[in-house]
Amino acid sequence: MSRKWRGIIEEYWAYLPVTDRTPGLTLLEGGTPLLRAGRLLARAGLNDPLPELYLKFEGGNPTGSFKDRGMVVAVARAVEQGSEVVMCASTGNTAASAAAYSARAGIGCVVVVPSGNVALGKLAQAIMYGARVLAVEGTFDRALEVVRELVEQYPAALVNSVNPDRIEGQKTAAFEVCDALGDAPGYLALPVGNAGNITAWWKGFGEYRARGQCTRLPRLLGFQAAGAAPLVLGSPVPDPRTLATAIKIGNPASWEGAVRARDESNGAIDAVTDHEIVEAYRLLAAAEGVFVEPASAAPVAGVIKWLRQGRLPDRGPVVAVLTGHGLKDPATALDTAGAPEVVPASVQAIAAAAGLARAGRP
């Protein structure tokens, strides 16, 4: 960028529910890359004409996920209101972000996660940032129910996406996309788990257009994992199943907001299989050099699926939101890519294994 980035609160002060008493909390979140995907769709076997595809890489945020945008606002507002402890239920990314920003603000943090269902990288982050991490039996949905009951009885501020300050911070990503492209894209594709993010993006585009900063609104395409697709099925999923743990949620807290965003944008919420997610996950890394966690590959999997089905008529560029960095879940990367090949430590052995031909001399 041509000028120094200031973080979400200072950069978008006029668009956020902050006051002169709100602390200027930041880890310099936001300002994430918007990358043109030049090879991915062709590598997926799709033929011209192909839409312009851009990747909004939210893994470039301080803790490696889009959650930082909303969390900085939620924690700053909690401090402003006198809270000394924040609390959340999480599949991992919210936990990491809440722990980081509470540490930055100098307050306590308690996170409740579903036992055995949090990727290792996210769990390590929350622990290292100093949060009190509690694993409970059951799903994320049950963990959130308990946390919501708990904050009604004890002095802790809830910082899950049901907190409207989270939505306010997350909407700023829409501003950045409009500024980078000169207008809103034709389509915005993103993963849907607890559904706060699709709600936030729609709010952001609406506010930016209302202030004359963009001239149109995109069609929103949300993608859930097939084994955890309550919005597609129209009813909660009591036992969600998917390798994409960040969207392994059977009863989204922001259900109504997601449905409203889908309908008002003339968009859709669809499901992609774990096989389709893994295909997109590997393509993003191998074709574009962008390493994401599995849930982040869901919108790219969805775009590929829709193009194969002829369901994406040309109406401007497509932006896929990549919500988290691949290092959040290294185990899945190794499971899907395989272990390194072991070879002797010699020039000949390495050259043969790598398929290298001896260079000719002029």
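These are my notebook entries on a few cores, helix pairs and loop residues that I looked up in this predicted model.

**Entry 1: the cores**

I started with the nonpolar cores. Which residues have the most contacts inside the largest one? I found Leu188, Ile198, Trp201 and Phe205 in that role, in a core of 52 residues. Helix 3, which covers residues 67–80, gives the most to this core, with seven residues. There is also a second, separate core, and I noted that its 40 residues include Leu53, Ala301, Ile304 and Ala333.

Next I picked Phe205 for a closer look. I left aside its neighbours within four places in sequence and listed what remains in contact with Phe205. The list holds Ala174, Cys178, Ala184, Pro185, Leu188, Cys214, Leu217, Pro218 and Leu220. I kept Ala174 and Cys178 in mind, since both are on this list and both turn up again in Entry 3.

**Entry 2: helix 3 against helix 4**

How far apart are the axes of helix 3 and helix 4? I read off 9 Å, with the two helices packing at an angle of about 45°. Helix 4 covers residues 93–105. That angle makes helix 3 oblique to helix 4, and their crossing is right-handed.

I then wrote down who makes the contact. From helix 3 come Lys67, Asp68, Met71, Val72, Val75 and Val79. From helix 4 come Asn93, Thr94, Ser97, Ala98, Tyr101, Ser102 and Ala105. Sorted by class, this contact has seven nonpolar, four polar and two charged residues.

The spacing of those numbers caught my eye, and a general rule helps in reading it. An α-helix has 3.6 residues a turn, so residues three or four places apart point the same way.

**Entry 3: helix 9 and its two partners**

Helix 9 spans residues 196–210, and I looked at it from two sides.

My first partner was helix 8, residues 172–181. The axes of helix 8 and helix 9 come within 7 Å and cross at roughly 55°. This makes helix 8 oblique to helix 9, and the crossing is right-handed. On the helix 8 side I listed Ala173, Ala174, Phe175, Val177, Cys178 and Asp179. They meet Trp201, Gly204, Phe205, Glu207 and Tyr208 of helix 9. By class, I have eight nonpolar residues, one polar and two charged. Trp201 and Phe205 are familiar from Entry 1, where they were named among the residues with the most contacts in the largest core.

My second partner was helix 11, residues 255–264. Is the crossing of helix 9 and helix 11 left-handed or right-handed? I noted that helix 9 passes helix 11 in a left-handed crossing. Their axes come within 8 Å and cross at roughly 45°, and the two helices are therefore oblique to each other. Here Ile198, Thr199 and Trp202 of helix 9 meet Gly257, Ala258, Ala261 and Glu264 of helix 11. This contact divides into four nonpolar, two polar and one charged residue.

**Entry 4: helix 13 and the loop before it**

How many of the eleven residues of helix 13 are buried? The count is ten, so I wrote this helix (residues 298–308) down as mostly covered, with under 20% relative accessible area as the cut-off for buried. The buried ones are Ala298, Pro299, Val300, Ala301, Gly302, Val303, Ile304, Lys305, Trp306 and Leu307. Two of these, Ala301 and Ile304, belong to the second core of Entry 1. Just after helix 13, I noticed that Gly310 takes a positive phi of about 70°.

Stepping back along the chain, I came to Ser296 in the loop between helix 12 (274–288) and helix 13. Ser296 counts as buried because its relative accessibility is 0%. Not counting residues up to four places away in sequence, Ser296 touches Val321, Leu322, Thr323 and Gly324.

**Entry 5: two more loop residues**

Thr22 sits in the loop between helix 1 (8–11) and strand 1 (34–36). At 7% relative accessibility, Thr22 is buried. Where does the chain meet Thr22 again, beyond its neighbours within four places in sequence? I found Ala76, Arg77 and Glu80 in contact with Thr22. Thr22 and Ala78 are 56 residues apart in sequence, yet 9.0 Å apart in space, C-alpha to C-alpha.

My last stop was Asn163, in the loop between strand 6 (157–158) and helix 7 (164–170). Asn163 is buried, with a relative accessible area of 14%. Leaving out residues up to four places away in sequence, Asn163 touches Ala74 and Leu158.

Definitions and conventions:
Residues numbered from 1 in each chain as written. Predicted model: local features only at pLDDT ≥ 70, side-chain atom pairs only at ≥ 80, totals over all residues. Heavy atoms only, no water. Core = buried A, V, L, I, M, F, W, Y, C linked by side-chain atoms within 4.5 Å. Buried < 20%, exposed > 50% of the residue type's maximum accessible area, 1.4 Å probe, protein only. Helix = DSSP H or I, 4+ residues; strand = E, 2+ residues; numbered from the N terminus. Contact = heavy atoms within 4.5 Å. Axes fitted to C-alpha atoms, helices over the stretch in contact; angles between N-to-C directions. Parallel < 35°, antiparallel > 145°, perpendicular 65-115°, else oblique. Left-handed = near helix turned anticlockwise from the far one by under 90°. Nonpolar A, V, L, I, M, F, W, Y, C, P; charged D, E, K, R; others polar.
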